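Trainee: I would like us to take a close look at a single part of this model, and to go through it slowly. Please give me one connected account rather than a list.

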Amino acid sequence: MSARTLFEKLWDAHVVAPETADTPAILYIDLHLVHEVTSPQAFSELRERGLKLRRPDRALATLDHSTPTLPANDKGERPYANEEAKAQVAQLEANCREFGVELHGWDSSERGIVHVIGPELGATQPGMTIVCGDSHTSTHGAFGALAFGIGTTEVGHVMATQCLLQRKPKTLAIHVDGQLPKGIGAKDLILHIIGEIGVDGGTGHVIEYRGEAIEALSMDERMTVCNMSIEAGARAGLIAPDDTTFAWLKGRPRVPQGAAWDAAVAKWRALRTDAGASYDREVRIDASKVKPTVTYGTHPGMAIAMDAPVPAARSAQETRALDYMRAQPGKPMQGTPVDVVFIGSCTNSRLSDLREAAAILRGRRIAEGVRMLVVPGSEAVRRDAEREGLHQVFTAAGAEWRVPGCSMCIAMNGDLAQPGQLVVSTSNRNFEGRQGKGARTVLASPATAAASALAGSIADPREYVNEAAAA
Amino acid sequence: MKAVTRIHSRTAVLADENIDTDRIIPARFLTTTERAGLGKLCFNDWRYLPDGSDNPAFPLNQPQAKGCAILVAGRNFGCGSSREHAPWALLDFGIQAVLCSEIADIFRNNALKNGLLAIVVSDAEHRWLLDHPGTELSIDVEGQYIALPDGGRIPFQLEPFARHCLLNGVDQLGYLLQHDDAIAHYEQHLEQAA
Ligand code: SF4
């Protein structure tokens, strides 16, 4: 067989019926992740047609988007944002019971953001196709799985047939050469990449991230990178699995054990782009040039180094974006006063993200007037963080330590910013109103978010790290 | 899905680039468990003033935009989330087609599955359409062209299967269910490999 890319290997292995000029391919889906927001209409459709789930054993559900992040009161009542949110959660619970889907609900010690728990449980594995009614499904590509977001109609298709109708997307290789400078992390890198290729730079493509800097990333960091592939318009992001991947997955509840594990790893090692295989497009990024990066506009492509001057608007839309953000062309974002800091979301709510923030906050207080929310990505992350005492670092610094969920990433559970407030956020979208009507979002790494909370304005985390080391 | 063969309407224009799904329908409305009735929330935070009255600065609130079923939007319309609530809201609001030089993948996929025509035109044609709001257009799905008032035509491409489904009102889930044998065969092969 001729040389193939990683994407082509994943695609070929899942074709139930190949595409033709008239019809898309029928692609088999190994794992279907489900949450309360994009599934109710799909379950209703199944019920109306008298259909069942073809493979309930390949579905995994959780509660994350509409769920409050404040704990239940003594009577066990949870502070839902409204009755609809409460009803939506109750509906997923009922749907999962009726259709036999495993749900990590309120009583589960594994509940959390759908893209955090899939990998944690080892449900996400190299070589799989993974879908969810959620665009950040691209996260799972960090394991060398073809993972992408789908709409609710397609959620219904997967439930009923375990398949999707798909046209083969194009491939885009992003080579990240060299090494990231000290103190620069995966979030800076991916914001830098989207700033370079644009918010639609990946449209119609599956991105494969490769090169020295990518191989050097931890799994948590790889997930951060792949998570934001969709913010460049790409359907999916991929990183070839390697020893880092296997070491991370080994022993997790759902991965094969014993001899089956060794056999799986042997198979997974073949999941790499062959020498001589070609991509539809290729881009090169120099990792050594990446600085602490933040957004200054209202989409993730409007990203620059925090000490670089905000560029002048080149269109009416950019003028509108700068006005909305109250960003001033010619001035850097560094030093902009901050009202709220949010550490969380499927981009940056894993243990390493919390450690990164805590390292900067330890023994310090956040600035007067700043509100800071730290929301772990899952119950497992929460447990681990509390075991290390990170929650005490956060609360001693003046931050709020919450129960896992999407929280202020999407602001549909009642955690939101007020009109005009500036939020430094470790999430993935800075769209107008994303974190509350009129709220202004600046996307950043956990380290930058923590440093900004301390300074009360957008700040370079490296200054705090050095100080801590010197002290 | 209802068959969609032809759409005839004046155009309304939203020239902003990168109109994301949070602008089409803000996330706080996603607690619904229904598909219906989202039209009143379409473009909510742009369309209404804080007191709930119509925002006169929102282009689709202009009298000449009322009743337009064809929306010409700036590049990269529908970027962001996979929420199908976006095409549901647009359809319920009265939009039947979106014309653009580039449309976000998941949005376009979702739109076509609901009978909302998501059509990509060339940069030059897009520019012209953006500059001429209120143009009377007729979109022919079978012939894959947009007829202009002066008799001119803008050709476009739809993915052949999506077009077939639109023209015949084909239910894609029904189509997939017909492939039960092939799926079972694939699953068998999977189990043997494991
Ligand atoms: S954390 Fe944000 S981006 Fe991630 S799944 Fe939740 S809402 Fe979506």
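Across the interface of chain A and chain B, how many residue pairs are in polar contact?

Mentor: This is a predicted model, and with that in mind the rule finds 30 residue pairs in polar contact across the interface of chain A and chain B, both residues of each pair being at pLDDT 80 or more. On the side of chain A that touches chain B, the elements that contribute two or more residues are the strands β1 (15-17), β2 (25-28) and β8 (163-166), together with the helices α2 (40-49), α3 (83-99), α5 (152-161) and α11 (316-325). The largest share of that side, seven residues, is supplied by α5(A). By residue class, the side of chain A that touches chain B divides into 21 nonpolar, 24 polar and 18 charged residues.

The extent of the interface can be stated in two ways. Counted by residues, the contact takes 63 from chain A and 55 from chain B; counted by area, about 5,000 Å² is buried between the two chains, and carbon and sulfur atoms give 54% of this. Within chain A, the residues that lose the most area to chain B are A:Q41, A:Q317 and A:K437, which together account for 12% of what that side buries.

Helix α5 of chain A deserves a closer reading, and A:T152, which is found in this helix, is a convenient place to begin. With a relative accessible area of 1%, A:T152 is buried, because the cut-off for that class is under 20%. Its side chain reaches the backbone oxygen of A:T38 at 3.0 Å. Once the neighbours within four places in sequence are left aside, A:T152 is in contact with A:T38, A:Q41 and A:A42 of chain A, and with B:E84 and B:W88 of chain B. A:Q41 therefore appears twice in this account, as a contact of A:T152 and as one of the residues of chain A that lose the most area to chain B.

A:E154 belongs to the same part of the picture, for it forms a salt bridge with B:K113 in which the closest N and O atoms are 3.5 Å apart. Since A:E154 lies in helix α5 of chain A and B:K113 in helix α4 of chain B, the pair joins two chains. A:E154 counts as buried at 1% relative accessibility, and B:K113 is likewise buried, with a relative accessible area of 12%.

Salt bridges recur elsewhere along the interface, where the rule finds eleven between chain A and chain B, while the structure holds 44 over all chains. In one that joins A:R434 to B:D22, the side chains meet at 3.1 Å, N to O. There is also a network of salt bridges that links A:R54, A:R55 and A:D57 with B:D180, B:E187 and B:E191.

A salt bridge within chain A involves two of the helices already named. The side chains of A:R47 and A:E98 meet at 3.0 Å, N to O; as A:R47 lies in helix α2 of chain A and A:E98 in helix α3 of chain A, the pair ties together parts that are 51 residues apart in sequence. Here A:R47 counts as partly exposed at 36% relative accessibility, and A:E98 is partly exposed as well, with a relative accessible area of 48%.

On the other side, helix α4 of chain B, which holds B:K113, also takes part in an aromatic pair. Of the 13 aromatic pairs that the structure holds over all chains, the one formed by B:F77 and B:F107 is edge-to-face, with 5.3 Å from centre to centre and 85 degrees between the planes. The pair links distant parts of the chain, B:F77 being in the loop between β2 (70-73) and α3 (85-93) of chain B and B:F107 in helix α4 (residues 105-113) of chain B, 30 residues apart. B:F77 counts as buried at 0% relative accessibility, and B:F107 is buried with a relative accessible area of 2%. Chain B also has an aromatic cluster, which is formed by B:F43, B:W46, B:F58 and B:F93.

To return to the part we began with, α5(A) gives seven residues to the side of chain A that touches chain B, and in that helix A:T152 is in contact with B:E84 and B:W88, while A:E154 forms its salt bridge with B:K113.

Note on methods: Residues are numbered from 1 along each chain as its sequence is written. Chains are lettered from A and ligands numbered from 1 in the order in which they are written. This is a predicted model: local features need pLDDT of at least 70, side-chain atom pairs count only at pLDDT 80 or more; totals for chains, interfaces and linings use all residues. Side-chain values use heavy atoms; hydrogens and water are left out. Contact means heavy atoms within 4.5 Å. Buried area is the accessible area (1.4 Å probe) that two parts lose on being put together, summed over both. A salt bridge is a side-chain nitrogen of Lys or Arg within 4 Å of a carboxyl oxygen of Asp or Glu. A polar contact is a pair of N or O atoms within 3.5 Å; within protein, one must be able to donate a hydrogen and the other to accept it, and residues adjacent in sequence count only if both atoms are side-chain atoms. Helices (H or I, at least four residues) and strands (E, at least two) are DSSP runs, numbered from the N terminus. Ala, Val, Leu, Ile, Met, Phe, Trp, Tyr, Cys and Pro count as nonpolar, Asp, Glu, Lys and Arg as charged, and the others, Gly among them, as polar. Rings of Phe, Tyr and Trp (its six-membered ring) pair if their centres lie within 6.5 Å; planes under 30 degrees apart count as stacked, over 60 as edge-to-face and the rest as tilted. Buried means under 20% relative accessible area, exposed over 50%, partly exposed in between (1.4 Å probe, protein chains only).
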